[in-house]
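Please look at the sequence and the model shown here, and keep both in view while reading. The paragraphs that follow begin with a single residue and then move to the whole chain, its helices and its interior.

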Amino acid sequence: MTAQTVTGHEDADRRRWWALAVIATAQLMIVLDITIVNIALPSAQRDLGISDADRQWVITAYTLAFGGLLLLGGRLGDLFGRKRVFTVGLLGFALASALGGAAVGPAMLFGARALQGAFGALLAPSALGLLSTTFSDPRERSTAFGIFGAIAAGGSAIGFIAGGLLTEYLNWRWCLFVNVPIAVVTAFAAFNVLKRDHVGKGRRTPLDLPGALLGCGGLLAIVYGTSEAVSRGWGDGLVIGSLVLGVALLAAFVLVERRTAHPLLPLHIVADRNRGGGALSVGLAMVGMFGLFLFLTYYLQAIKHFSPIMSGLSFLPMTAAIVLSSTGVAARLMTRVPSRNLIGPGLLLAAAGMAWLTQMRVDSAWAGMVLPAELLLGFGMGLVFMPAMSLATLGVAPNETGAASATINSAQQVGGSVGTALLNTIAASATASFLATRIASDPAVRAEGAVHGYVVATWVAMGVLLAAALVAVLMINHRPAPGEATAVEGGASGAEAPAAAVPAGDGRPTDLRAAAAADVRANVRPAGEGRAEAGVETGAERPSVD
């Protein structure tokens, strides 16, 4: 009997780590797709005859759909089961990638990219939600989130390498086709490995359609406005109108969510200072990081004349630093030190890397200028992503992890979109001012002007990272519970971990923390089980959404 029990426990452990592999693969595919297409864009533009004015839509179509539909995608996972939504997202992503790779014209490619973004909006929050409910033991959770955070932070650099290899040795279409076998195999593995969390029709709550329209519409408008700012400028009427509309729609969204019985985004999720502070810190960090990838890519290829493959390889030290920092440092310390003691110093290290890059010149050596900055940025961001993503779902009941996951994913997406537009505009303006008083026809002067623009934008990125560090220190107050660092999972019978596994600083009343802890320990309850959840802050009853 004992031997059978132990074997079952070992099988459960193996399934849990196989589930991590499935979830991490899906997350890597999403992150890779954002940068791998950047490398393929020039070839796709020539092949399909895309104009310079329209080429941005290869990127913008994806970010619009992805950023705008994240909240809806997260809530669909809560209502219909994250395993089901995750699998549908994978298969849909494969279909959209195949359509994009087979595109015969610009419109077909733009449509396929938008479809990729829509299915990515199903995948991303479901992946983080599944990760949160699969790993409840503090030590296992820290390891799992360390791996997940390293992939989220370093996958972009890997995308540059893969994009360079596929474009140079095959063609740009394979930057899209490569997703098809990965997504199909991962979907098959997800069906067999992930726990069943189907929510029966009789237990589902109505979807908050007004909230979906307002929330998704607001995010769409903001992402669209910031994307258009790259080509039109921040003073353009369309850009200003889109941003104002987005803010207005999100304000209306908050009012509606406060009054509806079944909100798309329960406001207590973002009102919690740890989750709110973590999402805001990550969003601000993405402003700087997306700008870094943009400027370093142009610097290496246009100024230093690196090939696409060499440019991608030059990002490997940063990727290695992120992985080492996330899994070797942050994962070990997350259960021992307050979260802000990781996130704050991590952002300061990243800001120091930006400060190093402000000394960049046309003739700067990669080993002396870019490499040290990459290492500082990598080590710093590795300390940020893992605890911030863990905070995003820590203490959240399973029926709300999709919405909580969508919140931090939305912060990343909007931050990256705003950062790309903002820093690109700043760099272009600084370059134009530099060239206005010099002989702009001289190639050496143009190169100096471009680097000057990069440097000015890097100063701004450094300031944003410092602001993110300040937000983390002031807002995040999560501390590991006593004994969390040495906590072990219950025996074969599934003995419960102490209620202290949900931190006292998560912003919820004591009884609600205990309920959330019980939910997390149980992972996903079998379909048909229901529970009335205590109301947030007031203790009033509110309907279950299981």
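Why does Cys 216 count as buried? Cys 216 counts as buried because its relative accessibility is 6%, where buried means under 20% relative accessible area, exposed over 50% and partly exposed in between, with a 1.4 Å probe and protein chains only. Cys 175 also counts as buried, at 0% relative accessibility. The structure holds zero disulfides, a disulfide being a pair of cysteine sulfur atoms within 2.5 Å.

This is a predicted model, in which local features need pLDDT of at least 70 and side-chain atom pairs count only at pLDDT 80 or more, while totals for chains, interfaces and linings use all residues. Residues are numbered from 1 along each chain as its sequence is written, and side-chain values use heavy atoms, with hydrogens and water left out.

Turning to the whole chain, one finds 18 helices and two strands, which are DSSP runs numbered from the N terminus (helices are H or I, at least four residues; strands are E, at least two). Of the 546 residues in the chain, 56% are buried. Among contacts (heavy atoms within 4.5 Å) with a separation of 6 or more, 81% are between residues 24 or more positions apart.

Ser 97, which lies in helix H3 (residues 82-101), is buried, with a relative accessible area of 0%. Leaving aside residues up to four places away in sequence, Ser 97 touches Gln 116, Leu 176, Phe 177, Asn 179 and Val 180.

Helix H14 covers residues 340-357, and its 18 residues reach 25 Å from the first C-alpha to the last, close to the expected 26 Å, a span defined as 1.5 Å times one less than the number of residues. The buried residues of H14 include Ile 343, Leu 347, Ala 350 and Met 354. In general, an α-helix has 3.6 residues a turn, so residues three or four places apart point the same way.

Leu 347 appears again in the largest nonpolar core, which has 91 residues and in which Phe 86, Leu 131 and Leu 347 have the most contacts; such a core is a set of buried Ala, Val, Leu, Ile, Met, Phe, Trp, Tyr and Cys residues joined through side-chain atoms within 4.5 Å. Helix H15 (residues 366-393) gives the most to this core, with 13 residues. Apart from this core lies another, of 16 residues, among them Leu 64, Leu 214, Leu 219 and Val 396.
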